[in-house]
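I opened this notebook to record what I looked up in one protein model. The entries follow the order in which I consulted the structure.

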Amino acid sequence: FERRQKLMEPLVVDVSSSKGRLELKAHPGEEFLLVLEGECRFGFGREELRLRKGDALYFDPSVEHGVASVGTKGGWVLSVVTSRDFHLHGGV
């Protein structure tokens, strides 16, 4: 069913499309990230973490952050964003 003015936006992201490049962006709200498959690098401000399948983070996305694949393996992450900015990822 369709819900207007939703606060959570779940996204399943193929991090292999990043090709190892870590692009940092910031946005309002809160964010939860769970590595579903593979390995990735997570940048948060000036810090960088290496994450593996099963690792999870809950963080303030107003700090620039980004995810990139490690090597050629790629991987998948579940990202759940909460925000009152309903057009965060182009949705309604």
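**Entry 1: Alanine 56 and its surroundings**

I began with alanine 56, which, apart from neighbours within four places in sequence, is in contact with Phe32, Leu33 and Leu34. I note at the outset that the model is a predicted one. I located alanine 56 in strand β4. Is alanine 56 buried, partly exposed or exposed? Its relative accessibility is 44%, and because buried requires under 20% and exposed over 50%, alanine 56 counts as partly exposed. I then looked up the spacing to phenylalanine 32: the two residues are 24 apart along the chain, and their C-alpha atoms are separated by 7.3 Å.

**Entry 2: The chain as a whole**

I next listed the secondary structure and found 6 strands and 0 helices in the protein chain. Read from the N terminus, the order of elements is β-β-β-β-β-β. I looked up how far apart in sequence the contacting residues lie. Of the contacts with a separation of 6 or more, 72% join residues 24 or more positions apart. For the surface, I recorded an exposed area of about 6300 Å², of which carbon and sulfur atoms supply 53%. The chain has 92 residues, and 29% of them are buried.

**Entry 3: The nonpolar core**

Which residues form the largest nonpolar core? I found 9 of them: Val15, Leu33, Val35, Cys40, Phe42, Leu51, Leu57, Phe59 and Val77. Strands β2 (30-44) and β4 (56-59) each supply at least two residues of this core. The largest share, 4 residues, comes from β2. As background, I noted that nonpolar side chains tend to be buried together in soluble globular proteins.

I then followed one core member, phenylalanine 59. Setting aside neighbours within four places in sequence, phenylalanine 59 is in contact with Glu30, Glu31, Leu33, Phe42, Phe44 and His65. Among these contacts, Leu33 and Phe42 are themselves listed in the core. Leu33 also appears among the contacts of alanine 56.

**Entry 4: The largest pocket**

I turned to the open space in the model and recorded a volume of about 570 Å³ for the largest pocket. Of its 22 lining residues, Val13, Glu23, His65, Gly66 and Val67 are the closest to the centre. Which strands each supply at least two residues of the lining? I found β1 (8-14), β2, β5 (65-69) and β6 (75-82). By residue type, the lining divides into 10 nonpolar, 7 polar and 5 charged. I noted that His65, one of the residues closest to the pocket centre, is also in contact with phenylalanine 59.

**Entry 5: Leucine 11**

I looked up leucine 11 and placed it in strand β1. Leucine 11 counts as partly exposed because its relative accessibility is 24%. Where does valine 80 lie with respect to leucine 11? The two are 69 residues apart in sequence, yet their C-alpha atoms are 6.2 Å apart in space.

**Entry 6: Lysine 25**

My last residue was lysine 25, found in the loop between β1 and β2. Its relative accessibility is 56%, so lysine 25 counts as exposed. Not counting residues up to four places away in sequence, lysine 25 touches Pro61, Val63, Glu64 and His65. I also recorded its spacing to glycine 45, 20 residues away along the chain, with C-alpha atoms separated by 9.5 Å. His65 thus recurs in my entries: it is listed for lysine 25, for phenylalanine 59 and for the pocket centre.

Notes. Residues are numbered from 1 along each chain as its sequence is written. This is a predicted model: local features need pLDDT of at least 70, side-chain atom pairs count only at pLDDT 80 or more; totals for chains, interfaces and linings use all residues. Side-chain values use heavy atoms; hydrogens and water are left out. Buried means under 20% relative accessible area, exposed over 50%, partly exposed in between (1.4 Å probe, protein chains only). Contact means heavy atoms within 4.5 Å. Accessible areas come from the Shrake-Rupley method with a 1.4 Å probe; for residues, only the protein chains shown count as cover. A nonpolar core is a set of buried Ala, Val, Leu, Ile, Met, Phe, Trp, Tyr and Cys residues joined through side-chain atoms within 4.5 Å. On a 1 Å grid over the protein atoms alone, a cavity is a set of points where a 1.4 Å probe fits but cannot get out, and a pocket is an open set with protein on both sides within 12 Å along at least five of seven lines; lining residues have an atom within 4 Å of a point. Grid points are joined across faces, edges and corners, and a volume is the space filled by probe spheres set on the points. Ala, Val, Leu, Ile, Met, Phe, Trp, Tyr, Cys and Pro count as nonpolar, Asp, Glu, Lys and Arg as charged, and the others, Gly among them, as polar.
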